[in-house]
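Hi,

Here is the structure I said I'd pass on. Have a look at it first, and my notes are underneath.

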Amino acid sequence: MRLSERPGILSMFEDMHSVSPVLERYTKQVLLGALWEGPELSGRDRSLVALTVMISRNQTAHMASYLDLALDSGVSPDEISEVIAHLAFYTGWANAMLAVAVTKVIFERRGITTDQLSPATIDLLPVDAIAEEQRARAVVDKFGTTVPELVQFTNDVLFADVWRRPGLSLRDRSLITVCMVIATSQVTVLSYYLNRSMDSGLTRVEVSHIMTQLAFYSGWSTVYSALPVVKDVFESRPN
Amino acid sequence: MRLSERPGILSMFEDMHSVSPVLERYTKQVLLGALWEGPELSGRDRSLVALTVMISRNQTAHMASYLDLALDSGVSPDEISEVIAHLAFYTGWANAMLAVAVTKVIFERRGITTDQLSPATIDLLPVDAIAEEQRARAVVDKFGTTVPELVQFTNDVLFADVWRRPGLSLRDRSLITVCMVIATSQVTVLSYYLNRSMDSGLTRVEVSHIMTQLAFYSGWSTVYSALPVVKDVFESRPN
Amino acid sequence: MRLSERPGILSMFEDMHSVSPVLERYTKQVLLGALWEGPELSGRDRSLVALTVMISRNQTAHMASYLDLALDSGVSPDEISEVIAHLAFYTGWANAMLAVAVTKVIFERRGITTDQLSPATIDLLPVDAIAEEQRARAVVDKFGTTVPELVQFTNDVLFADVWRRPGLSLRDRSLITVCMVIATSQVTVLSYYLNRSMDSGLTRVEVSHIMTQLAFYSGWSTVYSALPVVKDVFESRPN
């Protein structure tokens, strides 16, 4: 079922029609038409972008609809589970707790049970040991004396555990991290995560259309604030 | 009815009195007294500022009271409708959807129907063709190869359609865009929109008092982060 | 009662278990274990950090649990009252109003009445007259012609009244202001408030562990965006 055919989305149009007829037109023609039907980015990626914005900004009103859409578009329950745990670290525990409460209802309704989710402890993905050691040492060198405990959590939990769990690919983890960073206007850390996402497989065309998708869900101004960094990253990379 | 006399506002004082007597005093003396009674900015503009902050930040708790206040202060239903559609683009679709849900109730209660709102398609305001072509070409030159689809939406939908709809004046569109930018800490794009707002009629005195109004609704720190840009813009303009 | 033993927190684990088993593990082992049990920062300070993030970001879902925790950890009702009034100015009136609504229920349940709170007007803390005059003059010099009314509110209400109320120590006011600034990504004003917090008694060790606590509640990326400033401030101070 396409986004434009979903009951939760359709019922919105009645409200929109009575409050802002032009917004109804933009939603039908531009958002659900031109944007979501665009072939350059999969519905799966588009729903990951939208969901990440909603979790990062604590926006629960339509989160359930977009969870359903994500699950129907090829995001697995396990991937949803890992997205929420990943964003707990990046955007704060309270945001993740809210996403848990909404997701619980959707999982129950769909009969999704814990045995479809990765266990709490699992064999981790292999890692490029040299690159990872460089990354870890760079953080220690930069902030090890300022915030030793935080650097330890960053290296021992976030990078040595969260990022290496197999339930969500490195490409998808990078994608949602980039979206979270832009949706919450953390432009200073964008360059690192954008390069990381392209190192792990996101193409320029995908990044470009992720920015467009983000503009609609996170707002034009957050994306235009980020574009100078995106342009620099594109120009500084061979691929 | 002044803000300080509205039932929704008055009932807040009981809560405040039992939780923070000093906040009750600041609200009565400073917010509703000195600030809202200040003659340098109209109640209409003040309510647009407050409403824009609430939509941009997804703050629904008092949105209904401020919608009522805006409508009583000279903001027309059609202007509300256009504010929401405008902010859908700038601050994200989910924020606009939430505003739609709150506004629908207010419109129904007041008997406001769709025939009081601009239709989805309408004759657009004329535009300074040369200035607009320069603006459009500047975006293409800057980001056309990085995000071609987004640049196309920006030029064909946001500037060639949204900004030119007659239901909300260019001055008011600029005003709410500036407020949204500051309320969500997008300082890097502020200079452009602040100049645009002053080109379309906002005076220095109005901008100055919009900043004060914003301080109370969006927080002191967001405004102080923006003030260096405001100062630069004031100093760089003849008027 | 420790955070990990509170009924509101315990009931969360069931939801987490069915949605993200790994998040349940991180919450138990890392958040409630390693982090909250860390001896370098008191439970009182930790709950102030968490509560400030929630108020600054309009996150009500677990605010009641954290208010209870704060009150059980040595934050007095009067201090809660002053935190909310302080953050009304820094993060916006609508955020404070939401906190008032949640706090009212907690105060009623605990039988906390207005006579346990500082009155609206009270003898103010003494101030270093020379330092305060320098601060006030610096704001006037910088922004006095741009936003005269806002500068007046800043000097006459925020600094000459709010900051000097005895119900919340200068150290705690600085602590929550620093946390609010980072949780809402206002990095440009961080240096001033961080220095102010260390001038009023926060140690490097406390600041360092406040950053770690913030990482979990406000998100890794907000804290890493702020760390260059924290490092600079540490290096520029004798103590």
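Below is what I found, starting with how the chains are arranged and ending with one helix.

Keep in mind that this is a predicted model.

Symmetry first. A turn of 120° with a shift of 0.0 Å along the axis lays chain A on chain B, at an RMSD of 0.0 Å. That is how copies around a three-fold axis are related. If you want to find the axis from chain A, look for S185(A): its C-alpha is the nearest one in that chain, 4.4 Å away. The copies use different surfaces, too, as 2% of the contact residues of chain A recur in chain B.

Now the contact between those two chains. Chain A puts in 42 residues and chain B puts in 41. On the chain A side, α1 (7–19), α2 (21–35), α3 (43–56), α11 (204–218) and α12 (220–236) each supply at least two residues. The largest share there is the 10 residues from α12(A). Sorted by class, the side of chain A that touches chain B has 22 nonpolar, 15 polar and five charged residues.

Last, a helix in chain C: α10, residues 190–199. Its buried residues are L190(C), Y193(C), L194(C), S197(C) and M198(C). Looking down the axis of α10(C), you'll see them fall within an arc of 135°, so they line one face of the helix. What do they pack against? The partners are α9 (170–183), α11 (204–218) and α12 (220–236), again of chain C. After α10(C) comes G201(C), with a positive phi near 120°.

Cheers

Technical notes. Residues numbered from 1 in each chain as written. Chains lettered and ligands numbered in written order. Predicted model: local features only at pLDDT ≥ 70, side-chain atom pairs only at ≥ 80, totals over all residues. Least-squares fit on C-alpha atoms with pLDDT ≥ 70 in both. Contact = placed C-beta atoms within 7 Å. Buried ≥ 20, exposed ≤ 12 C-beta atoms within 10 Å, placed from the backbone. Helix = DSSP H or I, 4+ residues; strand = E, 2+ residues; numbered from the N terminus. Arc of directions from axis to C-beta. Nonpolar A, V, L, I, M, F, W, Y, C, P; charged D, E, K, R; others polar.
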